[in-house]
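Subject: Structure handover

Hello,

Please find the structure below, with the sequence. My notes on what turned up in it follow.

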Amino acid sequence: MMEKKIFTLSLVVAPLLYTASGFFWLSNGRYNVAGATLIVMGSVFWVFVFNGFFSGLKAHAPRYSAIGRCVAIYGCACGGVAFGLQDALADIFHISHSAMLNGLASHPVFANLIFWIGGPLFPLSVFAVGIMLARTKMIPLWAGIVLSAAGVLFPVSRILRIEAIAHAVDLLMLVPMGYVAFRGVKSTTKPAEAQNRR
């Protein structure tokens with residue numbers, strides 16, 4: 001099934017692109033154009049990752065699946081794509097970090113909806129989905145814990161802008177998702193269907 005293949009591919013590509021982006025930081029702590037491109041493209045693949053996870057969770061937590069999917073996609077668009085484009089444009093047009101912040105301050109609605117509210121929703125979604133996947137036993141407990149830990153530490157690694165920490169956090173995402181891509185996600189729909197037939 002093509003949808004499953006795209007999901008499996010995205011499980012590896014999404015965190016791999018984020019990991020690679022950490023090698024393209026500038027001295028001012030922002031991404032250059034190459035790194036920003038990796039973040040934007042990685043965020044696109046993260047949408048497919050979340051879509052696959054939330055589709056699987058629908059059988060156990062339909063309300064969370066519906067709301068969580070919307071929140072996660074919002075986070076990918078604003079926490080990933082928007083921040084990546086911001087850094088790319090800053091690099092292309094030589095805009096300083098302080099000038100960027102001053103410009104955003106003059107547009108508070110835009111800044112809050114896109115960056116300050118939308119931005120944290122990506123790591124928050126990673127944290128929450130790791131817990132839910134482990135609780136529903138769709139993935140092993142260790143994988144869920146590691147994925148959730150990565151969600152908590154992701155914003156810290158980006159705020160501190162220390163490459164070693166960022167690489168470590170990116171690996172925390174890559175390892176459990178690579179494992180899930182290799183071993184697959186346990187189906188949650190078949191038991192429910194079987195129970196309904198009784």
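I start with one histidine. His167 touches Thr19, Gly22 and Phe23, leaving aside residues up to four places away in sequence. His167 is part of helix α8. Its relative accessibility is 17%, so His167 counts as buried, the cut-off for buried being under 20% relative accessible area. Please keep in mind throughout that this is a predicted model.

**Helix α1**

Thr19, one of the residues His167 touches, is also among the buried residues of α1. The others listed there are Phe7, Ser10, Leu11, Val13, Ala14, Pro15, Leu17, Tyr18 and Ser21. What do the buried residues of α1 pack against? Their partners are α2 (33–57), α3 (62–92), α6 (121–135), α7 (141–160) and α8 (163–183).

Helix α1 covers residues 2–21, which makes 20 residues. At 1.5 Å a residue these should span 28 Å, and the end C-alpha atoms are indeed 28 Å apart, so the expected and actual values agree. There is also a bend in α1, of about 30 degrees, at Ser10. Ser10 is itself one of the buried residues of the helix.

**Helix α6**

The same check on α6 uses 15 residues at 1.5 Å each: the expected span is 21 Å, and the end C-alpha atoms are 21 Å apart, which agrees. Buried in α6 are Leu121, Phe122, Pro123, Ser125, Val126, Val129, Gly130, Met132, Leu133 and Ala134. These buried residues pack against α1, α2, α3, α7 and α8. Just after α6 comes Lys137, with a positive phi of about 60 degrees.

**Salt bridges**

How many salt bridges does a search of the whole structure find? It finds two. As background, side chains of opposite charge can pair when their charged atoms come close.

One salt bridge joins Arg30 and Asp87, with the closest N and O atoms 2.6 Å apart. This pair links distant parts of the chain, as Arg30 sits in the loop between α1 and α2 while Asp87 belongs to helix α3, 57 residues apart. Both Arg30 and Asp87 are buried.

The other joins Arg158 and Asp170, where the closest N and O atoms are 3.2 Å apart. Here too the pair links distant parts of the chain: Arg158 is in helix α7 and Asp170 in helix α8, twelve residues apart. Are these two residues buried or exposed? Arg158 has a relative accessible area of 12% and is therefore buried. Asp170 has a relative accessible area of 1%, so Asp170 is buried as well.

**Nonpolar surface patch**

A nonpolar patch of about 690 Å² lies on the surface. The residues that make it are Leu124, Phe127, Ile131, Val152, Leu153, Val156, Leu160, Ile162 and Ile165. Which helix gives the most to the nonpolar patch? That is α7, with four residues. Both α6 and α7 supply at least two residues each.

Ile162 belongs to the patch but is placed in the loop between α7 and α8. With a relative accessible area of 40%, Ile162 is partly exposed, a class that runs between the limits of 20% and 50%.

**Loops and backbone angles**

Arg161 is also in the loop between α7 and α8. Its phi is near 60 degrees, a positive value in a residue other than glycine. At 30% relative accessibility, Arg161 counts as partly exposed.

His94 is another non-glycine residue with a positive phi, near 55 degrees. His94 lies in the loop between α3 and α4 (97–105). Its relative accessible area is 71%, so His94 is exposed, the limit for exposed being over 50%.

A last loop residue is Ala59, placed between α2 and α3. Ala59 has a relative accessible area of 39% and is partly exposed. Between the C-alpha atoms of Ala59 and Asn112 there are 34 Å, the two residues being 53 residues apart along the chain.

Regards

Definitions and conventions. Residues numbered from 1 in each chain as written. Predicted model: local features only at pLDDT ≥ 70, side-chain atom pairs only at ≥ 80, totals over all residues. Heavy atoms only, no water. Expected span 1.5 Å × (residues − 1). Bend = angle between axes of the 7 residues up to and from the residue. Buried < 20%, exposed > 50% of the residue type's maximum accessible area, 1.4 Å probe, protein only. Contact = heavy atoms within 4.5 Å. Patch = residues over 30% accessible without salt bridge, like charges linked within 9 Å, V, L, I, M, F, W, Y side chains within 5 Å. Areas by Shrake-Rupley, 256 points an atom, 1.4 Å probe, with all protein chains shown as cover. Salt bridge = Lys/Arg side-chain N within 4 Å of Asp/Glu carboxyl O.
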